[in-house]
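Colleague: I should like to go through the terms used for this structure and hear the reasoning behind each of them. Please show the structure before we begin.

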Amino acid sequence: MVSSLKFGKSMKSVVRILIGIIVAAFIIIAVVLGPYILRVQHFEANPADGYHADFYLYVSPDAKRAAHTSREVIILVQPNNSGVNSDDPKVHRKDAWLTGFERYKIADELGVVLLVPAFIRPEDWNIYTHALDRDSLTTERDDIQRIDLQLIAMIDHVRARLAADGIQTDEKIFIQGFSASGMFANRFTILHPDRVKAAAIGSPGGWPILPIETFTGEQLPYPAGVADLEALTGVPFDPTAYNAIPQLIYMGSEDDNDSLDYTDGWDEADAQLVDRLFGADPLSRWEDAESIYREEGANVQFFLVDGVGHDRKELQKYSTDFFKKVLNNE
């Protein structure tokens with residue numbers, strides 16, 4: 001009888017401990033995820049409005065408070081980069097949601113609205129949508145055709161929705177990215193300089209697209225340069241609008257991540273052209289890219305961070321600090 005009582009008391013203690021652990025876990029999850037879950041909005045694909053992918057929108061507290069002022073809020077676009085080839089939208093929606101969660105504190109710090117698209121990266125290896133490669137501009141697949149224009153449609157939809165809630169937004173966006181999404185940000189800024197207020201571009205695949213058509217007499221087709229931009233998109237490159245955009249292009253000095261080594265993001269001939277003209281690895285091309293950007297009058301800072309490899313989290317602070325300076329007109 002005594003043993004049974006002791007066993008019963010022990011079981012009650014164990015149950016209390018387990019309940020305590022579960023409650024503590026729920027509290028921790030609520031504290032960590034709560035601010036994002038409560039504020040993030042999911043927008044489903046809407047082909048009638050010009051976009052075939054879902055996207056997520058996070059409105060920071062400061063941006064929300066702007067509804068009671070005349071201040072225009074900035075939309076910060078963070079292109080998604082799942083790293084997975086899949087035609088299943090759910091795969092990329094999950095990654096986009098997590099990307100928003102990883103970046104929402106940046107939106108809080110800057111007082112902006114964060115937009116994360118959930119574009120698919122198709123099973124067709126050659127179409128690297130998340131890097132906005134050449135094939136993503138030429139594909140005739142309706143769901144991924146001209147995703148740069150689909151992103152603009154998302155932005156315009158969001159601006160109208162926020163205006164209905166009393167939040168006025170700048171017509172031009174901030175855009176940031178790292179690795180493949182850095183390539184997307186870099187190339188989107190070239191394609192649509194009239195829509196970009198500032199761009200922070202981290203480790204753009206070993207080569208930032210040059211804002212020139214030729215180098216030493218050789219044509220530089222997209223995404224090496226802009227020689228055939230009008231033929232691809234129907235719109236010529238606008239150097240005046242482009243040079244007005246404050247930009248930060250940054251990379252770790254030990255970063256050897258080179259997209260030119262892979263045929264998903266580059267046509268082999270174009271990759272070989274860049275290698276021959278500017279060097280065979282990201283670091284050896286760095287000074288040439290910086291020099292050409294400056295010669296063309298771009299408002300850009302190239303920043304090589306000593307001792308860092310391909311590490312987004314380590315380098316994110318430079319992007320955030322850059323946007324703070326833009327917001328403060330520094």
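Modeller: Buried means under 20% relative accessible area, exposed over 50%, and partly exposed in between. The model is a predicted one.

Colleague: Why is S203 called buried?

Modeller: The relative accessibility of S203 is 1%; this is under 20%, so S203 counts as buried. S203 is located in the loop between strand 6 and strand 7 (214–215).

Colleague: What makes T216 exposed?

Modeller: T216 has 62% relative accessibility, which is over 50%, and therefore counts as exposed. Its place is the loop between strand 7 and strand 8.

Colleague: What is the phi of S203, and what is that of T216?

Modeller: For S203, phi is near 40°, a positive value in a residue other than glycine. For T216, phi is near 45°, again positive in a residue other than glycine. Most residues other than glycine have a negative phi, and most peptide bonds are trans.

Colleague: Which peptide bond is cis?

Modeller: The bond from Y222 to P223 is cis, with omega near 5°. P223 belongs to the loop between strand 8 (218–219) and helix 7 (229–233).

Colleague: Why is D194 called partly exposed?

Modeller: D194 has a relative accessible area of 47%, which lies between 20% and 50%, so the term is partly exposed. The residue sits in the loop between helix 6 (180–191) and strand 6 (196–202). Together with E72, E171 and D238, D194 forms a negative surface patch. Patch residues need over 30% relative accessible area, and D194 at 47% therefore meets that condition.

Colleague: How many aromatic pairs are there, and what makes the pair of F174 and F323 stacked?

Modeller: The count comes to 21 aromatic pairs. F174 and F323 lie 4.5 Å centre to centre with 15° between the planes. Ring centres pair within 6.5 Å and planes under 30 degrees apart count as stacked, so this pair is called stacked. The pair links distant parts of the chain, with F174 in strand 5 (residues 173–178) and F323 in helix 11 (residues 312–327), 149 residues apart. Both F174 and F323 are buried.

Colleague: How do you know that W207 and F278 are stacked?

Modeller: Their centres are 4.6 Å apart, within 6.5 Å, and the 25° between the planes is under 30 degrees, so the pair is stacked. W207 in the loop between strand 6 and strand 7 and F278 in helix 9 (residues 268–278) are 71 residues apart. Both W207 and F278 are buried.

Colleague: Which residues do ring pairs link into a cluster?

Modeller: The cluster consists of Y36, Y58, W97, F101 and Y104, linked by ring pairs.

Methods: Residues are numbered from 1 along each chain as its sequence is written. This is a predicted model: local features need pLDDT of at least 70, side-chain atom pairs count only at pLDDT 80 or more; totals for chains, interfaces and linings use all residues. Side-chain values use heavy atoms; hydrogens and water are left out. Patches are made of residues with over 30% relative accessible area and no salt bridge: like charges are joined within 9 Å, nonpolar side chains (Val, Leu, Ile, Met, Phe, Trp, Tyr) within 5 Å. Accessible areas come from the Shrake-Rupley method with a 1.4 Å probe; for residues, only the protein chains shown count as cover. A salt bridge is a side-chain nitrogen of Lys or Arg within 4 Å of a carboxyl oxygen of Asp or Glu. Lys and Arg count as positive and Asp and Glu as negative; His and the chain ends are not counted. The place of a charge is taken as NZ of Lys, CZ of Arg, CG of Asp or CD of Glu. Helices (H or I, at least four residues) and strands (E, at least two) are DSSP runs, numbered from the N terminus. Buried means under 20% relative accessible area, exposed over 50%, partly exposed in between (1.4 Å probe, protein chains only). Rings of Phe, Tyr and Trp (its six-membered ring) pair if their centres lie within 6.5 Å; planes under 30 degrees apart count as stacked, over 60 as edge-to-face and the rest as tilted.
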